[in-house]
Amino acid sequence: MNALNSSPSSSGSQPEAVSAAGAQPDAAAQPDAAAPPDLRESWPTTDIGGSRLHLPQGSIPALDCAMWVLAIALVVSLNVAPGSREPGSAAVGFMILLPVVLQLLAWVLFLRGRARFATSDEIPQILITDVLVAAVLVAVSALSQGALLPLDAAAVSGAVALTLHLAARWLFQRFVAWRHRPQAHRTRRTIVLGAGYGGVQAISLMQQDQEGVFTPVGILDDDPSKRHLRISGVRVLGPWEALGQVANETRADQVLLAVPSAGPDKVDEVVEMAQSLGLEIRIMPSVTELVDRAPSYRPDASQLHSTNVFRRPQIADLLGRREIDTDVDAIGAYLSGERVLVTGAGGSIGSQLCHAIARYKPDRLIMVDRDDSALHAVQLSLDGQAMLDSPDLILGDLRTPGFIPALFDENRPTIVFHAAALKHVTLTERFPEEAFLTNVAATRDLLMAAASHDVRRFINISTDKAADPQCVLGYSKRVAERLTATIGRSLAPERRFMSVRFGNVLGSRGSALLTFASQLERGLPLTITDPSMERFFMSVDEACQLVLQAGVLGRSGEVLVLDMGKPHNIEEIARRFATLMGHPDAQVTYTRVRPGEKLTEELFGRGEEDVRPNHPLISQTSVPPFPMEKLDAIADLSERARWGQHGALVRRWMEAESGA
């Protein structure tokens with residue numbers, strides 16, 4: 001219990017690592033705040049595409065003045081107003097000096113420090129300034145009756161100056177792009193699919209990333225109105241179906257899908273088309289995906305900084321990613337400023353939950369796991385440092401006698417997400433006592449501690465195997481659901497103890513996809529249990545968003561069932577995954593249905609109704625209570641399971657108490 005003894009008291013102080021990260025923006029702001037006003041307003045640098053160039057002091061007004069001089073000189077020399085008398089050199093000198101003085105006055109009084117050079121923010125200022133200066137020139141010309149400068153020439157001078165000002169900035173942007181072009185020895189000639197916002201961002205990244213290996217050679221888009229569009233010099237060459245022809249013409253060897261909203265059918269089509277043409281494929285991630293990658297405790301972290309964000313297609317792209325509508329304000333209301341405890345924090349669900357919870361600024365985020373490497377990984381994802389000295393990282397086993405009471409006594413959590421569990425069907429069938437100790441006994445101890453320590457919300461993460469269970473894993477999780485409901489119903493209504501049930505999570509540790517990837521890598525056939533086997537799948541991000549939303553909606557005694565969409569055939573997923581990994585001809589071997597496995601999972605058990613009163617993707621059903629007088633039986637079975645092999649006894653008890 002040394003790890004617990006180092007934990008802070010219930011004062012809820014922020015962890016040291018978080019405080020250090022949070023202090024960085026303030027520290028960086030202090031020198032800026034102390035700088036003299038003229039230093040800040042002079043703005044001697046420009047920032048184009050994240051590439052910072054230092055410009056000499058006063059170079060911007062000098063350039064603009066020079067453009068006026070050149071404009072009037074060009075107009076006078078070309079004699080754009082034939083038939084008018086030619087002004088004298090003194091008159092021309094005065095008319096050149098006048099806009100120079102006006103331009104300098106405008107810079108000193110209004111323009112300095114207002115916008116970065118050669119950015120879209122500067123265009124309105126250029127237009128207004130040039131129009132006003134040209135108006136003064138026209139007025140002076142009219143008052144002098146053309147003696148200083150013909151009226152037409154004065155008007156044309158303003159238009160020429162505006163053109164020169166804009167042209168100078170365009171050339172500067174092109175210079176920046178050329179200077180920061182990719183310097184890799186061997187670049188990949190890339191066709192960008194999509195001329196929308198994603199395509200614009202993708203091309204900008206390619207052209208600015210000096211270390212990148214991507215060179216855009218063309219764009220394809222199905223919108224006919226974009227047929228002749230150019231983005232940073234790269235042309236739209238046709239619709240998506242012209243990929244083969246365009247790839248031959250441009251000698252491309254790679255395709256980048258830059259439409260984050262593309263559905264699974266479209267992604268599947270692009271993957272097959274690219275592979276048939278021998279082209280590699282990359283995907284531009286969505287903004288949401290980029291935000292999820294950034295450390296939750298580091299809001300200053302850059303999400304979009306290089307072409308490293310371009311990734312290979314994932315099976316989730318082919319199965320579809322749903323936009324989850326969550327009530328951010330309601331989630332923040334029950335998480336912000338609270339002491340949140342996450343068990344199994346290093347696991348697939350637990351780590352993503354920590355990442356999502358951290359964005360709501362809890363007073364403390366207490367992460368518990370028995371795997372030290374997993375805790376290191378989750379802290380690294382949160383603060384980008386992983387110093388492992390935060391008192392909110394707690395290394396320990398929930399099954400250790402006395403661990404849970406000490407955990408609650410010293411940390412006083414107010415919200416608990418219980419994600420720690422054993423989850424493999426075959427192993428829990430072989431070792432039922434282990435499933436009992438982790439999924440039942442530890443859950444019971446957590447619930448009892450939470451009930452006695454003023455925990456206001458307890459969210460137990462369950463599984464679809466708890467619906468009409470037929471295996472040890474299902475029995476144990478069903479008992480955990482009933483325990484959660486029973487303890488919750490014994491408390492005040494404002495204290496909510498609930499369970500959240502969902503199916504398989506894509507890419508989680510120990511998932512079928514990782515097995516398939518390993519088999520493909522070693523040239524082995526894919527092992528499929530049965531050609532008819534189906535499972536529900538959901539991305540870890542979708543699951544965590546809905547778990548947080550369920551915490552808003554759930555009441556004690558309820559099981560909230562997440563909408564998993566339609567079940568997917570495992571063999572179909574395996575074959576699509578193999579094609580995605582570049583093995584379209586992968587062999588498949590059928591094994592057998594092992595004890596405890598179902599061909600098709602169900603999300604609802606007998607007597608449970610699919611009722612969705614508050615959210616279209618969350619059903620709220622109830623489970624029968626667990627007799628309170630049997631809680632002591634769990635403690636007795638725990639002792640037996642710890643000190644001897646009582647797997648058969650434990651299995652029979654869980655099967656009976658699960659109601660199966």
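This report walks through the sheets, helix packing, cores and unusual backbone angles of a predicted model.

## The eight-stranded sheet

One open sheet holds eight strands. Their order is β11-β10-β9-β12-β13-β14-β19-β22, and the pairing is mixed. The edges belong to β11 (393-395) and β22 (618-622). Each of these two has a single partner strand, so one side of each lacks a neighbour in the sheet. From one strand to the next, the twist averages 20°.

At the β11 edge, the partner is strand β10 (residues 364-369). The two strands run parallel and are joined by three bridges. Val368 takes part here, with Ile394 of β11 as its bridge partner.

## The six-stranded sheet

Another open sheet has six strands, in the order β5-β6-β4-β3-β7-β8. Its pairing is also mixed. Here β5 (230-231) and β8 (280-283) stand at the edges. Each has a single partner strand, so one side of each is left without a neighbour in the sheet.

The partner of β5 is strand β6 (residues 234-238). This pair is antiparallel and rests on two bridges. Arg230 has Arg235 of β6 as its bridge partner. Strands of a sheet pair through backbone hydrogen bonds, in either a parallel or an antiparallel sense.

## Helices across the six-stranded sheet

Two helices lie across strands of this sheet. Helix α8 (residues 197-208) lies across β3 (188-193), β4 (214-220), β5, β6 and β7 (254-257). Its direction is at about 155° to β4. Helix α9 (residues 243-250) lies across β3, β4, β6 and β7. It runs at about 150° to β3.

Ala252 sits in the loop between α9 and β7. Its relative accessibility is 11%, which is under 20%, so Ala252 counts as buried. Leaving out residues up to four places away in sequence, Ala252 touches Arg189, Ile191, Val217, Ala247 and Leu279. Thr215 is 37 residues from Ala252 along the chain, and their C-alpha atoms are separated by 9.4 Å.

## A helix pair: α5 and α6

Helix α5 (residues 89-111) packs against helix α6 (residues 123-143). The angle is about 145°, and the axes are 10 Å apart. The crossing is right-handed.

Which residues of α5 and α6 make the contact? From α5 come Phe94, Met95, Leu98, Pro99, Leu102, Gln103, Ala106 and Leu111. From α6 come Gln125, Thr129, Asp130, Val133, Val136, Leu137 and Val140. Of the residues in this contact, 11 are nonpolar, three are polar and one is charged. An α-helix has 3.6 residues a turn, so residues three or four places apart point the same way.

## Nonpolar cores

The largest nonpolar core has 50 residues. Those with the most contacts inside it are Leu335, Phe417, Phe502 and Leu548. Helix α21 (residues 540-553) gives the most to this core, with eight residues. Leu548 touches Ile331, Tyr334, Leu335, Leu353, Ala356, Ile357, Tyr360 and Phe417, not counting residues up to four places away in sequence.

A second, separate core has 39 residues. Among them are Trp240, Ala252, Leu279 and Ala578.

## Buried residues in helices α16 and α19

In helix α16 (residues 403-411), the buried residues include Phe403, Ile404, Ala406, Leu407, Phe408 and Asn411. Ser476 lies in helix α19 (residues 472-489). Is Ser476 buried or exposed? Ser476 has a relative accessible area of 0%, so it is buried. Beyond its neighbours within four places in sequence, Ser476 is in contact with Ala435, Asn439, Val440 and Met654.

## Positive phi angles

Most residues other than glycine have a negative phi. Three residues here depart from that pattern. Arg412 follows α16 and has a positive phi, near 50°.

Ser232 has a positive phi of about 50°. It lies in the loop between β5 and β6. With a relative accessible area of 39%, Ser232 is partly exposed. Asp468 has a positive phi near 45°. Asp468 lies in the loop between β13 (457-461) and α19. At 24% relative accessibility, Asp468 is partly exposed.

Definitions and conventions. Residues are numbered from 1 along each chain as its sequence is written. This is a predicted model: local features need pLDDT of at least 70, side-chain atom pairs count only at pLDDT 80 or more; totals for chains, interfaces and linings use all residues. Side-chain values use heavy atoms; hydrogens and water are left out. Axes are lines fitted to C-alpha atoms, for helices over the stretch in contact, and angles run from 0 to 180 degrees between N-to-C directions. Helices (H or I, at least four residues) and strands (E, at least two) are DSSP runs, numbered from the N terminus. A crossing is left-handed if the near helix is turned anticlockwise from the far one by less than a right angle, and right-handed if clockwise. Contact means heavy atoms within 4.5 Å. Ala, Val, Leu, Ile, Met, Phe, Trp, Tyr, Cys and Pro count as nonpolar, Asp, Glu, Lys and Arg as charged, and the others, Gly among them, as polar. Two strands pair if DSSP finds at least two bridges between them. Buried means under 20% relative accessible area, exposed over 50%, partly exposed in between (1.4 Å probe, protein chains only). A nonpolar core is a set of buried Ala, Val, Leu, Ile, Met, Phe, Trp, Tyr and Cys residues joined through side-chain atoms within 4.5 Å.
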